[in-house]
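Colleague: Got a minute to walk me through this one? I'd like the basics and then the helix packing.

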Amino acid sequence: MLYPQENTNRRRLNLDGFWDFRAQEEGEAADGWERGLPDPKVLAVPASWNEQREDLFTFFGRGWYQRDVHLPAEWRGRRIWLRIGAAHYRVRAWWNGEELGSYEGGSLPSEFELTEEARPGAGNRLTIEVDARLDPVGLPPAMEAAGKGEERIGFFNQNPPVTYDFFPYGGIHRSVWVYATAANRIESVFVRTSLSGDHTEAVLEVRAAVSDAGSVARLAAEVEGQTADLSREAGTGWWSGRLTVSSPRLWDVGRPEMYEVALTLESVNGEEDTYQQPFGIREVCIGEEGLLLNGRPVYLTGFGKHEDSDFYGRGFNPAVAIRDFELLRWVGANSFRTGHYPYAEEVYDLADRHGVLVIGETPFVGMNERMFTPETEARALPMIERMIARDANHPSVVAWSLANEPYVKSDAALAFFQAMARTARQCDPTRPITYVGHVEVEDNRAMHEYDFICLNKYYGWYIGHGRIDDTLEAFSRKLDEFHKAFQKPMMVTEFGGDAVPGMHAWPAQPFSEEYQAEIVEKQIAVMRSKPYIFGFHLWNFADFKTGQTLTRIILNRKGAFTRDRKPKLVAHVLRRLLRNPPDDGENRDETKDVGRGTP
Ligand code: BDP
């Protein structure tokens with residue numbers, strides 16, 4: 001699903017701002033609300049509703065958003081679309097009281113056509129119901145109805161009751177747009193690049209799909225003055241063509257060289273549609289020693305992140321996003337993982353433009369045995385397809401992570417993980433896949449079939465709390481054990497501990513800034529001593545909101561930065577370590593260039 005774009009043939013209207021809002025209480029009927037909300041309050045979009053108003057802080061029900069939209073008169077005769085960047089968790093939309101449809105899936109966009117109902121040149125009423133009720137088999141799942149003694153760590157007895165460690169925010173979390181196109185429009189664009197052995201030439205394979213294949217007169221792709229007519233692939237709804245770029249400028253860590261392909265669709269009725277799709281030329285794969293980018297090993301350093309900030313909750317905030325990339329540069333990190341769901345599209349755009357590597361993750365976190373069923377699989381696989389379709393053109397995305405901390409122990413779990421792997425590989429044969437494991441080797445049966453290992457381990461915190469030195473040996477052995485079992489390159493995708501900002505202790509003790517910094521410094525030394533480890537991500541980039549338990553002090557405090565993005569002691573330690581990596585004699589492109597060429 002293409003991001004709405006303003007160009008010679010497309011127009012768009014951004015609907016962010018203040019909307020009317022009404023919470024639907026349990027048992028309350030919402031008759032006629034799609035035409036007018038009774039006693040609405042005012043809420044900001046995009047943002048979670050929970051942190052805007054006191055009465056909505058723990059509201060996990062259905063929230064109704066409404067606003068009036070004046071469509072420009074010149075949109076008459078055009079096709080008109082509504083696009084919701086993301087809303088958690090299910091959306092239903094109405095235009096002038098007519099239902100447009102619904103979508104379930106939280107972190108991915110939904111789109112509805114409203115040509116029939118739209119009244120360009122007049123006032124229109126848009127209503128969006130966002131259903132944030134906690135679902136025990138949602139992706140991700142809530143806790144209710146979880147079986148007793150179910151085998152998973154953490155997050156029990158947490159309020160609100162979800163099986164994952166972040167706040168189940170409700171609301172419209174990304175921009176809402178309406179936009180206008182020609183009757184026949186470009187629906188999808190993919191650019192796949194391959195490099196000649198000596199990198200002096202790149203072949204671009206451009207594929208596109210349109211809404212009405214029967215009325216295409218011409219579909220052409222243009223890159224830097226070169227044009228190719230795309231031709232219809234027999235038996236599919238796709239059109240494709242090739243272009244060659246000699247002496248390509250390669251996209252790389254800290255070298256954000258971007259290209260753009262301009263697609264032009266001419267239809268038999270004389271109408272035109274256009275779409276400009278950015279992309280980068282680079283090659284990524286997993287070699288024996290780890291991730292190879294343009295043939296060279298890259299040591300990944302950085303963080304697991306969350307979409308989370310004061311006031312906005314999970315809502316996208318462009319200033320926070322810019323600041324995060326600034327802090328990544330300042331600390332010397334070159335990568336992050338989108339823990340634990342696909343992020344706003346703008347974040348991947350920024351990663352492309354900063355030369356920062358991204359491991360893109362699905363929303364499959366906190367999965368448990370009850371979910372490894374054909375029904376859940378039927379909901380999960382299309383989400384993988386949708387995520388890859390949305391994000392595949394970003395050169396910054398170097399791998400897909402298909403789940404966080406599952407138990408892949410039973411045959412049902414293994415089959416589920418095999419199906420996910422097949423789907424991801426089918427959608428995108430160009431990127432390595434992984435999932436993020438924890439616990440033991442035998443709980444990770446699917447790892448054999450994924451390309452590299454990601455492991456979360458909290459020695460000195462959940463294991464050996466308060467005893468960093470005593471657990472270094474065990475940490476080292478655990479890493480070796482996973483490597484021996486799977487014989488694949490490995491990343492540590494989570495490690496660390498909580499530090500309450502301003503809490504100091506000497507000698508270092510848990511929850512102090514000193515203790516968190518000591519875990520990080522000592523465990524990085526262990527990881528760096530392993531040739532099969534090609535990177536580490538600290539958990540987390542910044543403190544984030546989560547449910548309340550005895551182990552959480554309002555926020556999860558494992559951030560290197562505070563929730564308002566100020567460095568803790570550990571950030572200074574990391575900066576020293578990442579900006580002066582040990583010289584291991586290999587040509588590892590680590591962090592030094594990050595930020596060069598930043599727009
Ligand atoms: C890991 C989870 C992550 C949590 C983290 C923690 O992957 O979502 O936030 O632990 O406990 O198990 O801080």
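**Confidence, fold and helix pairs**

Modeller: Sure, starting with the weak spot: over residues 585-599 pLDDT (the predictor's confidence in each residue, from 0 to 100) stays under 50. For that stretch the model has 46 contacts (heavy atoms within 4.5 Å) beyond four places in sequence. This is a predicted model, where local features need pLDDT of at least 70 and side-chain atom pairs count only at pLDDT 80 or more, while totals for chains, interfaces and linings use all residues. Residues are numbered from 1 along each chain as its sequence is written, and side-chain values use heavy atoms, with hydrogens and water left out.

Colleague: What does the chain average for pLDDT?

Modeller: The average is 94, and 95% of the residues score at least 70.

Colleague: How many helices and strands?

Modeller: Seven helices and 33 strands, taken as DSSP runs numbered from the N terminus (helices are H or I, at least four residues; strands are E, at least two).

Colleague: And what's the radius of gyration?

Modeller: The chain has 24 Å, which agrees with the value near 25 Å for a compact globule of 599 residues. That's taken over C-alpha atoms, and the globule rule is 2.2 Å times the number of residues to the power 0.38.

Colleague: On to packing. At what angle do H3 and H4 cross?

Modeller: Roughly 25°, with the axes of H3 (residues 374-391) and H4 (residues 411-427) coming within 10 Å. Axes are lines fitted to C-alpha atoms, for helices over the stretch in contact, and angles run from 0 to 180 degrees between N-to-C directions. H3 and H4 are therefore roughly parallel to each other, the term for angles under 35 degrees.

Colleague: Which residues meet there?

Modeller: In H3 they include Ala380, Leu381 and Ile384, and in H4 Phe416, Ala419 and Met420 are among them. The residues of this H3 and H4 contact divide into ten nonpolar, two polar and two charged. Ala, Val, Leu, Ile, Met, Phe, Trp, Tyr, Cys and Pro count as nonpolar, Asp, Glu, Lys and Arg as charged, and the others, Gly among them, as polar.

Colleague: What about H5 and H6, where do they cross?

Modeller: The axes of H5 (residues 468-486) and H6 (residues 513-528) come within 10 Å and cross at roughly 35°. Leu472 and Phe475 are among the H5 residues in that contact, with Ile519 and Val526 among those of H6.

Colleague: Switching topic: which peptide bonds are cis?

Modeller: Val45 to Pro46 is cis, with omega near 0°, and His88 to Tyr89 is cis, with omega near 15°. Pro46 sits in the loop between S3 (41-45) and S4 (62-70).

Notes. Angles under 35 degrees count as roughly parallel, over 145 as roughly antiparallel, 65 to 115 as roughly perpendicular and the rest as oblique.
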